[in-house]
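Visitor: I've got some questions about how this one is put together. Could you walk me through it?

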Amino acid sequence: MKFTLSWLKDHLDTTASVDEIAEALTDLGLEVEEITNPADRLKSFTLARVKHAEQHPDADRLRVCTVETDEGDKQIVCGAPNAREGITVVLCKPGDYVPGIDVTLSVGKIRGVESHGMMASERELELSDEHDGIIELPSGEVGERFTDWLAENDPAKVDPVIEIAITPNRPDALGVRGIARDLAARGQGTLKPRETVPVPGEFPCPIDVTIDADTQDGCPVFTGRLIRGVRNGPSPQWLQDQLRAIGLRPISALVDVTNFFTFDRNRPLHVFDADKVSGNLRVHRAAGGETITALDDKDYTLAPGMMVISDDTGPESIAGIMGGEATGCTEETVNVFVESAYWDHVQIALAGRALKINSDARYRFERGVDPAFTQEGLELATQMILDLCGGEASEVVVAGAIPDPARAFKLDPARVQSLVGMAIPESEQRQTLTRLGFRLEGNIAHVPSWRPDVQGEADLVEEVARIASLTGLVGRPLPRLTDGVPRPVMTPMQRRQQAGRRTSAALGYNECISYSFIDQAGAALFGGGDDASMLENPISSEMSHMRPSLLPGLLQAAARNQARGFMDLALFEVGPAFHGGEPQQQHEQIAGILVGRTGPRDVHGAMRPVDVFDAKADAEAVLAAMGAPAKVQILRGAEGWWHPGRHGRICLGPKKVLGVFGELHPRVLEAMDVKGPAMAFTLFPEEIPMPRKTGATRPALELRDLQAVERDFAFVVDAGVEALALVNAASGADKALIEAVRVFDEFIGGALGEGKKSLALSVRMQPRDKTLTEAEIEAVGKKIVDKVAKATGGVLRG
């Protein structure tokens with residue numbers, strides 16, 4: 001929304017500067033986007049007088065002038081045909097920037113004669129396209145600033161233009177008067193009264209208007225009248241200047257009047273050339289397929305249900321959006337029918353969007369105009385047309401009835417202060433609403449018809465706070481709910497996730513944040529993609545389902561990085577995954593992937609491809625940071641997106657899974673366009689048992705003063721037996737005494753025979769109350785052999 005300062009002052013009696021007005025508008029919620037002040041580019045120019053002018057000694061078209069300036073007499077070479085003695089001119093001195101020619105002046109020589117500046121034309125100062133000669137001023141003193149002279153003699157040329165952003169809930173600010181009303185309520189001036197005097201009709205209107213019954217919900221009221229005997233020439237200079245300043249092109253007096261009220265009062269109007277209208281006008285819904293050539297010289301085909309204004313021959317205007325070319329006004333127009341109607345904002349928005357028409361009328365009607373101002377706007381436009389174009393007005397024809405937007409809400413002054421947090425006296429609250437146009441009856445505030453956004457008591461509070469200015473709020477700390485040290489704000493699960501996030505980052509992983517929505521094919525790879533997790537209204541086909549795991553998002557990020565040449569990746573994410581469509585069917589995960597090599601190449605040859613044990617070590621480190629028990633089981637049997645022979649489930653038992661690590665299935669990597677192999681882990685923080693003690697005190701350090709004992713065992717087992725089975729069996733022989741079991745050797749072939757292998761285990765036994773005797777050690781060893789034999793069929797190697 002653009003307007004000039006002088007236009008604003010037509011409605012607001014104020015002495016505030018442009019900067020003060022701009023600051024107030026932004027604070028009121030009408031954010032100022034730009035201020036264009038023509039005086040800024042002219043502020044360095046002053047007035048001067050030509051004392052003497054003579055022919056240039058070496059050029060027929062140049063004259064050497066002696067110019068009286070505020071710095072004394074200066075010699076200036078000028079090529080303008082009107083450069084002569086005695087005229088008052090606009091002087092541009094050396095160092096001044098001349099906008100019209102994009103040049104910063106300096107002292108120079110023209111055909112051997114030194115010139116100290118220039119005398120400007122209107123085009124060189126971007127005042128107009130006139131460049132036949134330099135500017136001749138009828139008055140002015142030497143040294144006077146040119147901007148001061150313009151402000152007094154031709155203010156339109158230095159009138160600042162203010163552009164503000166309008167939010168959809170403030171259609172009243174799409175008119176200059178609405179903006180002035182807000183500023184007056186803030187105290188930046190006084191709103192000038194405007195009374196509408198009805199124009200008496202001299203004769204019955206020959207054009208009648210009807211609204212079809214099925215269209216009355218889209219056009220509750222339509223008013224109009226005929227003005228005959230008009231002279232449609234150029235509009236007066238003041239009106240042309242106002243329209244040009246806000247970027248509109250003056251067309252003719254009749255059209256310029258409608259544009260003026262569109263921006264002045266937020267009242268779009270339309271004028272028909274009455275001599276081109278056949279019969280009466282009818283507001284109805286299009287049957288579909290009708291075509292109309294609009295005022296923008298484009299043809300539009302109307303869809304069924306769109307509102308249209310037709311005469312006896314067919315459509316003449318797209319209702320509330322744009323008029324038709326066939327009945328448009330020209331310089332030959334003598335009789336004009338002026339329309340002022342109220343249109344439903346939703347239906348106008350749908351029609352305008354479908355036809356792809358952006359007009360000032362649509363922009364305002366789809367946001368909402370003042371229904372009560374419909375006929376009043378017609379009266380004001382009629383009077384201006386009569387003043388500018390002459391003629392004689394008919395009686396007003398009215399179809400339908402003005403809708404009643406009346407509503408009222410209670411003003412609770414104490415509640416206003418409670419919600420806003422500012423001490424605003426009740427008298428000030430009432431005065432604010434009164435200045436904004438509300439009518440108060442006791443504590444009941446009646447909402448003005450031009451404020452469709454006010455729909456409840458909370459909106460009254462907002463209006464009072466907006467005018468009072470929230471910059472007056474003083475920050476105050478919230479009162480403590482308890483004495484002493486406050487309780488932790490984060491939940492145990494949040495602290496657990498935070499520990500997992502920090503540990504993953506410390507291990508060298510980069511955190512990703514991906515969408516919770518993925519495509520159906522990607523979700524199906526990880527056990528999802530069913531109807532239960534499908535979105536009803538997805539953003540796109542690539543975001544149609546809730547993610548069943550965090551791994552698809554990480555793999556997509558890896559594929560994008562690989563496509564850009566980044567092959568060595570360590571990525572992780574913390575967030576929810578979904579195994580259904582209900583609110584409780586989600587679970588937290590921490591997932592990470594490793595792709596490529598462990599690091600850059602170096603002279604020591606330490607670089608190697610990442611493997612399963614890298615993912616295992618990182619998963620165990622993150623679990624430890626989140627408080628998982630140190631003793632866990634590693635089992636097989638994970639989901640199908642893991643490599644069948646290169647993964648493990650980290651468990652506290654067969655059904656208590658803390659996480660999964662391993663290599664991802666090549667089939668999954670191929671579908672996700674990731675160059676593998678890729679290692680990954682997925683951890684489930686919610687599955688980690690909560691500590692029995694919730695305090696921050698650490699347990700006592702347990703140090704053993706008894707020497708540990710280590711014994712080695714070599715078992716011959718079938719080649720298909722997993723080493724983990726032996727480790728788990730040996731660990732279970734005596735859980736209190738056996739501290740650790742690890743595999744330290746593997747041998748295949750030789751004297752063992754086909755299909756056999758030898759696995760060597762080192763078992764560490766830590767006594768607690770006394771040193772172990774040889775017999776006790778032998779007894780534990782026998783238990784280990786029996787457990788391994790029972791679990792795997794292995795025998796001690798001889």
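Visitor: Let's start with the open sheet of five strands: what is the strand order?
Guide: Keep in mind that this is a predicted model. The pairing in this sheet is antiparallel. Strand 6 (72-78) and strand 12 (118-119) are the edge strands, each pairing on one side only. Reading across the open sheet of five strands, the order is 6-5-4-7-12.

Visitor: And which residue is the bridge partner of Cys 92 in strand 12?
Guide: Strand 7 covers residues 88-92 and pairs with strand 12 in the antiparallel sense. Two bridges make up that pairing. In strand 12, Cys 92 has as its bridge partner Met 118.

Visitor: There's an open sheet of three strands as well. What is its order?
Guide: This one also has a pairing described as antiparallel. Its edge strands are strand 27 (408-410) and strand 28 (439-441), with each pairing on one side only. Neighbouring strands here are turned by 25° against each other on average, direction ignored. The order of the three strands is 27-29-28.

Visitor: Which residue of strand 29 does Arg 439 stand opposite?
Guide: Strand 28 and strand 29 pair over three bridges, in the antiparallel sense. Standing opposite Arg 439 in strand 29, you'll find His 446.

Visitor: On to helices. How do the axes of helix 2 and helix 4 cross?
Guide: Helix 2 takes in residues 18-27 and helix 4 residues 176-186, and their axes come within 10 Å. The crossing angle is roughly 95°. Angles of 65 to 115 degrees count as roughly perpendicular, so helix 2 relative to helix 4 is roughly perpendicular.

Visitor: How many nonpolar, polar and charged residues does that contact have?
Guide: Helix 2 brings Ile 21, Ala 24, Leu 25 and Asp 27 to the contact. From helix 4 come Ile 179, Leu 183 and Arg 186. Sorted by class, the contact of helix 2 with helix 4 has five nonpolar, no polar and two charged residues.

Visitor: Now salt bridges. How far apart in sequence are the parts that Asp 172 and Arg 451 tie together?
Guide: A search of the whole structure turns up 38 salt bridges, and Asp 172 forms one with Arg 451, with the closest N and O atoms 3.7 Å apart. Asp 172 lies in the loop between strand 13 (161-164) and helix 4, while Arg 451 sits in the loop between strand 29 (444-446) and helix 12 (457-468). The pair therefore ties together parts whose separation in sequence is 279 residues.

Visitor: Are Asp 172 and Arg 451 buried or exposed, and which residues are linked with them in a network of salt bridges?
Guide: Asp 172 and Arg 451 are both buried. The network of salt bridges links them with Arg 170, Asp 182, Asp 453, Glu 463 and Arg 466.

Visitor: What relative accessible area does Arg 367 have?
Guide: Glu 366 forms a salt bridge with Arg 362, the closest N and O atoms being 3.0 Å apart. Arg 362 is buried, with a relative accessible area of 9%. Arg 367 meets Glu 366 in a salt bridge too, at 3.0 Å from N to O. Arg 367 is partly exposed, and its relative accessible area is 23%.

Visitor: Last one: which residues does Ser 731 touch, not counting those up to four places away in sequence?
Guide: Ser 731 has its place in helix 18 (residues 723-731). At 28% relative accessibility, Ser 731 counts as partly exposed. Ser 731 and Arg 742 are 11 residues apart in sequence and 9.6 Å apart in space, C-alpha to C-alpha. Not counting residues up to four places away in sequence, Ser 731 touches Ile 738 and Val 741.

Terms used. Residues numbered from 1 in each chain as written. Predicted model: local features only at pLDDT ≥ 70, side-chain atom pairs only at ≥ 80, totals over all residues. Heavy atoms only, no water. Axes fitted to C-alpha atoms, helices over the stretch in contact; angles between N-to-C directions. Parallel < 35°, antiparallel > 145°, perpendicular 65-115°, else oblique. Contact = heavy atoms within 4.5 Å. Nonpolar A, V, L, I, M, F, W, Y, C, P; charged D, E, K, R; others polar. Pairing = 2+ DSSP bridges. Salt bridge = Lys/Arg side-chain N within 4 Å of Asp/Glu carboxyl O. Buried < 20%, exposed > 50% of the residue type's maximum accessible area, 1.4 Å probe, protein only.
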